[in-house]
Amino acid sequence: MAQTAPTPGTSPSPPSHPGGINPWAAGGIMFAGVLLMVDGVLGAIKGISGIASDDVYARINNYVFEFNVTTWGWIHLILGVIIAVVGWGILKGSVWARGAGVGLAALNMIANFMWLPYQPVWAVVSLAIDTFVIWALCTDRSKSVIG
């Protein structure tokens, strides 16, 4: 069977991969799922330590987003458990988990930004993880976004 050259002005179609998924994109999605699970577990640990003892984290005075540390603990615990479940869903290949992963990573970024004065290094690490997760889940073009 003879191959024909692409029409001038058009780009050739990319080579197809088994299953229709680019290996680089599949690796990024898998890594994003693992990172979400890790970030969820770290969030749950942050939450448990905040709930268990009020003196684990620094006390902040006159901060706009100041909650008591136990409240922050519950926020991080609940968010962490949900994020870990969504990370597991991404690893299982669930379609719903990719959109939920982007939304929850964005929500987690906001929570960690507000948490920044309490634990700056831990918050920045979580911000970096969430940034990569959003990038990895949004740049995969293996499936159509529209229709």
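Contact here means that heavy atoms lie within 4.5 Å. The structure is a predicted model, in which local features need pLDDT of at least 70 and side-chain atom pairs count only at pLDDT 80 or more, while totals for chains, interfaces and linings use all residues. Residues are numbered from 1 along each chain as its sequence is written, and side-chain values use heavy atoms, with hydrogens and water left out.

**Exercise 1. Describe the elements of the chain and the share of its residues that count as buried.**

Step 1. Helices (H or I, at least four residues) and strands (E, at least two) are DSSP runs, numbered from the N terminus. By this rule the chain has four helices and zero strands, and along the sequence they give the pattern α-α-α-α.

Step 2. A residue is buried under 20% relative accessible area, exposed over 50% and partly exposed in between, with a 1.4 Å probe and protein chains only. Of the 147 residues, 34% count as buried.

Step 3. Among contacts between residues at least 6 apart in sequence, 70% join residues at least 24 apart.

**Exercise 2. Work out how α2 and α3 are placed against each other, and which residues meet.**

Step 1. Two packed helices are described by the angle between their axes and the distance between the axes. Axes are lines fitted to C-alpha atoms, for helices over the stretch in contact, and angles run from 0 to 180 degrees between N-to-C directions. For α2 and α3 the angle is about 155°, and the axes are 9 Å apart.

Step 2. Angles under 35 degrees count as roughly parallel, over 145 as roughly antiparallel, 65 to 115 as roughly perpendicular and the rest as oblique. The two helices, α2 and α3, are therefore roughly antiparallel.

Step 3. A crossing is left-handed if the near helix is turned anticlockwise from the far one by less than a right angle, and right-handed if clockwise; that of α2 and α3 is left-handed.

Step 4. On the α2 side the residues that meet α3 include Trp72, His76, Val86 and Ile90, and on the α3 side those that meet α2 include Trp96, Ala100, Gly101 and Leu104. Ala, Val, Leu, Ile, Met, Phe, Trp, Tyr, Cys and Pro count as nonpolar, Asp, Glu, Lys and Arg as charged, and the others, Gly among them, as polar. By class, the contact of α2 with α3 has 14 nonpolar, five polar and one charged residues.

**Exercise 3. Repeat the analysis for α3 and α4.**

Step 1. Helix α3 (residues 95–115) and helix α4 (residues 120–139) pack at about 155°, with axes 9 Å apart, and they are therefore roughly antiparallel to each other. Their crossing is left-handed.

Step 2. Among the residues that meet are Asn112 and Trp115 in α3, and Ala123, Ser126, Val133 and Leu137 in α4. The classes in this contact of α3 with α4 are 12 nonpolar, five polar and two charged residues.

Step 3. Ser126 and Ala123 can then be taken one by one. Ser126, in helix α4, is buried, with a relative accessible area of 0%; leaving aside neighbours within four places in sequence, Ser126 is in contact with Asp39, Lys46 and Asn112. Ala123, also placed in α4, is buried with a relative accessible area of 0%, and, with neighbours within four places left aside, Ala123 is in contact with Asn112, Trp115 and Leu116.

**Exercise 4. Find the largest nonpolar core, and follow Val86 from there to the residues in contact with it.**

Step 1. A nonpolar core is a set of buried Ala, Val, Leu, Ile, Met, Phe, Trp, Tyr and Cys residues joined through side-chain atoms within 4.5 Å. The largest has 16 residues, and Leu36, Val86, Ile90, Val133 and Leu137 have the most contacts inside it. The elements that give two or more residues to this core are α1 (23–52), α2 (69–92), α3 and α4.

Step 2. Apart from this core lies another, of six residues, among them Trp72, Met114, Trp115 and Tyr118.

Step 3. Leaving aside neighbours within four places in sequence, Val86 is in contact with Leu36, Trp96, Ala97, Ala100, Gly101 and Leu104. Ala100, in helix α3, is partly exposed, with a relative accessible area of 25%; Ala100 and Val86 are 14 residues apart in sequence and 6.9 Å apart in space, C-alpha to C-alpha.
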